[in-house]
Structure formats: C-alpha cells, structure tokens
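Thanks for asking me to walk you through this one. Please keep the sequence and the 3D view open while you read.

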Amino acid sequence: MKVNKKKLELAMANACMDSRDLAVAANLPRPTLNNAITGRNLRPATIGKIAKALNVPVEQILEE
C-alpha cells in the first residue's frame, strides 16, 4: 500500500504536525515515516498507525 504524499502533507498540516511530530505520535522510526512521504510501499498496519496519529481515516491518505 502507498500513501499519497499530497494527502499526507495536507493531513499533517491540518493536525499542525511536522514529520518529527508525526513519527513520535505514530510511534514509528523516522526512516519508516520518510518511506511513507516518498511514496514507498508500506505495511497496512504502518499506514494505520499514521492515520490514527493524524486522526483521519486510512482512506483519506491512501493513493487512489
């Protein structure tokens, strides 16, 4: 699964988070979060952690 970079950045802006804040809130290592931002494939659980930390549904940040 891949995260849409623009949707992710929009959700981060709405949550007033930068990548460091999101990595801490999602309990993920920074390199894993950077993989999401750069469009690499991630495990569904990882995307779920990111969405939960941003308080958005998973569908809102996924590639279409």
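The points below start with the core, move through two helices, and end with a few single residues.

1. **A word on the model.** Please bear in mind that this is a predicted model.

2. **The nonpolar core.** A good place to begin is the largest nonpolar core, which has 20 residues. Within this core, the members that touch the most others are Val3, Leu8, Leu22, Leu33, Ile50, Leu54 and Ile61. At least two core residues come from each of the helices α1 (5-14), α2 (19-25), α3 (30-37) and α4 (44-54). The helix that gives the most is α4, with 5 residues. As general background, nonpolar side chains in soluble globular proteins tend to be buried together.

3. **Val3 as a way in.** If you would like one core residue to click on, try Val3, which is among those touching the most other members. Setting aside neighbours within four places in sequence, Val3 is in contact with Leu8, Ala36, Gly39, Leu42, Ile47, Ile61, Leu62 and Glu63.

4. **Helix α4, buried side.** Which residues of α4 are buried? They are Thr46, Ile47, Ile50, Ala51, Ala53 and Leu54. These residues lie on the same side of α4, because they cover an arc of only 165° around the axis. The buried residues of this helix pack against α1, α2 and α3.

5. **Helix α4, other side and end.** Turn the view around and you will find the exposed residues Pro44 and Lys52 on the face of α4 turned away from its buried side. After the helix comes Asn55, which has a positive phi, near 60°.

6. **Thr46, a polar name on the buried list.** Thr46 sits in helix α4. Its relative accessibility is 7%, so Thr46 counts as buried, the cut-off being under 20%. Not counting residues up to four places away in sequence, Thr46 touches Leu28 and Thr32.

7. **Helix α1.** Here the buried residues are Leu8, Ala11 and Met12. Looking down the axis of α1, you will see that they fall within an arc of 100°, so they line one face of the helix. Among the elements that cover these buried residues are α2, α3 and α4. Lys6, Leu10, Ala13 and Asn14 are exposed on the other side of α1. Following this helix is Cys16, with a positive phi, near 55°.

8. **Asn4 at the start of α1.** What caps the N-terminal end of α1? The cap is Asn4, with a side-chain oxygen 3.0 Å from the backbone nitrogen of Lys6. Asn4 itself belongs to the segment before α1. With a relative accessible area of 17%, Asn4 is buried. Beyond residues up to four places away in sequence, Asn4 touches Ile61, Leu62 and Glu63. For a sense of scale, Asn4 and Asp18 are 14 residues apart along the chain, and their C-alpha atoms are separated by 16 Å.

9. **The salt bridge.** How many salt bridges does a search of the whole structure find? The search finds 1. The pair is Glu64 and Lys7, whose side chains meet at 2.7 Å, N to O. Glu64 lies in the segment after α4 and Lys7 in helix α1, so the pair ties together parts that are 57 residues apart in sequence. The partners have their own accessibility values: Glu64 is exposed, with a relative accessible area of 85%, whereas Lys7 counts as partly exposed at 21% relative accessibility. In general, side chains of opposite charge can pair when their charged atoms come close.

10. **Arg30 in α3.** A last stop is Arg30, which is found in helix α3. Is Arg30 buried, exposed or partly exposed? At 37% relative accessibility, Arg30 counts as partly exposed. Leaving out neighbours within four places in sequence, the contacts of Arg30 are Ser19, Arg20 and Ala23. Arg30 and Lys49 are 19 residues apart in sequence and 13 Å apart in space, C-alpha to C-alpha.

Key: Residues are numbered from 1 along each chain as its sequence is written. This is a predicted model: local features need pLDDT of at least 70, side-chain atom pairs count only at pLDDT 80 or more; totals for chains, interfaces and linings use all residues. Side-chain values use heavy atoms; hydrogens and water are left out. A nonpolar core is a set of buried Ala, Val, Leu, Ile, Met, Phe, Trp, Tyr and Cys residues joined through side-chain atoms within 4.5 Å. Buried means under 20% relative accessible area, exposed over 50%, partly exposed in between (1.4 Å probe, protein chains only). Helices (H or I, at least four residues) and strands (E, at least two) are DSSP runs, numbered from the N terminus. Contact means heavy atoms within 4.5 Å. The arc is that of the directions from the helix axis to the C-beta atoms. A polar contact is a pair of N or O atoms within 3.5 Å; within protein, one must be able to donate a hydrogen and the other to accept it, and residues adjacent in sequence count only if both atoms are side-chain atoms. A salt bridge is a side-chain nitrogen of Lys or Arg within 4 Å of a carboxyl oxygen of Asp or Glu.
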